[in-house]
Amino acid sequence: MSENPLQPPWLNAPPVDPYPYEESHDLRVGPKLHRSLDGLLPYIGVWRGRGRGGFPTIEDFDFAQEIRISHDGRPFLFYESRAWILDEESRPVRPAGREVGWWRPVMDGDRVTDELEALMTTPTGVMELHIGKRKGTQIEFATDAVVRTATAKEVTAGARLFGIVEGALLYAQEMAAVGHPLSPHLSARLTRVAG
């Protein structure tokens, strides 16, 4: 008697244990950093700070942000960002942008190059594929492609500059959207709070 393809063996299998592999934003614990990530080591950690945002179609705003950059021993970094709007007294007003993604160094055979690939995805239906270059502790990304859901805001391009400056994570982000060319959108200075 053959198995019913509509009843795969895993359908009634017992529950599994929690995810068994560790991920870390702290190089003192967890898996060993993959050798291809050595040049990105200064970015690994949890960062928190303030920034300023704006765009031709919206009023400027102040925000706070937390970015977590971690690894699990494989040749890529996990990137997670969450931000919240601040009022003029620096009190939280409401949640703002969220984003998750992966940064991956480009290899040439066994050799790590200074080129990077990054995927950044938002819950508002926008996914950006970035191609970048690392120079010391500075990374410059530009979009290679933008994919949007049918209900997402029309974003057509982006550029990001990250740098570690005097121990802080600084970045600037430009965006082309809703008929406007590449324009300044976000910039922030974040300090390391863990890692």
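Ala-168 stands opposite Thr-191 in S10. This pair is a good place to enter the model, which is predicted. Strand S9 covers residues 168-177, and strand S10 covers residues 180-194. The two run antiparallel, and nine bridges join them.

Now step back to the whole sheet. There are 10 strands, and they close into a barrel. The order is S1-S2-S3-S4-S5-S6-S7-S8-S9-S10, with antiparallel pairing. On average, neighbouring strands of this sheet are turned by 25° against each other, direction ignored.

Return to strand S9 and find Gln-173. Its relative accessibility is 12%. Buried means under 20%, so Gln-173 counts as buried. What is Gln-173 in contact with, leaving aside its neighbours within four places in sequence? One group is Ser-183, Pro-184, His-185 and Leu-186. Ala-159 and Arg-160 are also in contact with Gln-173.

Arg-160 leads on to another residue. The side chains of Arg-160 and Glu-99 are joined by a polar contact of 2.7 Å. Glu-99 sits in strand S4, which spans residues 92-108. Is Glu-99 buried or exposed? Its relative accessibility is 11%, so Glu-99 counts as buried.

The surroundings of Glu-99 can be traced in the same way. Neighbours within four places in sequence are again left aside. Tyr-79, Glu-80 and Ser-81 are in contact with Glu-99. So are Met-120, Thr-121 and Thr-122. Arg-160 completes the list. Arg-160 is thus in contact with both Gln-173 and Glu-99.

How values were computed: Residues are numbered from 1 along each chain as its sequence is written. This is a predicted model: local features need pLDDT of at least 70, side-chain atom pairs count only at pLDDT 80 or more; totals for chains, interfaces and linings use all residues. Side-chain values use heavy atoms; hydrogens and water are left out. Two strands pair if DSSP finds at least two bridges between them. Helices (H or I, at least four residues) and strands (E, at least two) are DSSP runs, numbered from the N terminus. Axes are lines fitted to C-alpha atoms, for helices over the stretch in contact, and angles run from 0 to 180 degrees between N-to-C directions. Buried means under 20% relative accessible area, exposed over 50%, partly exposed in between (1.4 Å probe, protein chains only). Contact means heavy atoms within 4.5 Å. A polar contact is a pair of N or O atoms within 3.5 Å; within protein, one must be able to donate a hydrogen and the other to accept it, and residues adjacent in sequence count only if both atoms are side-chain atoms.
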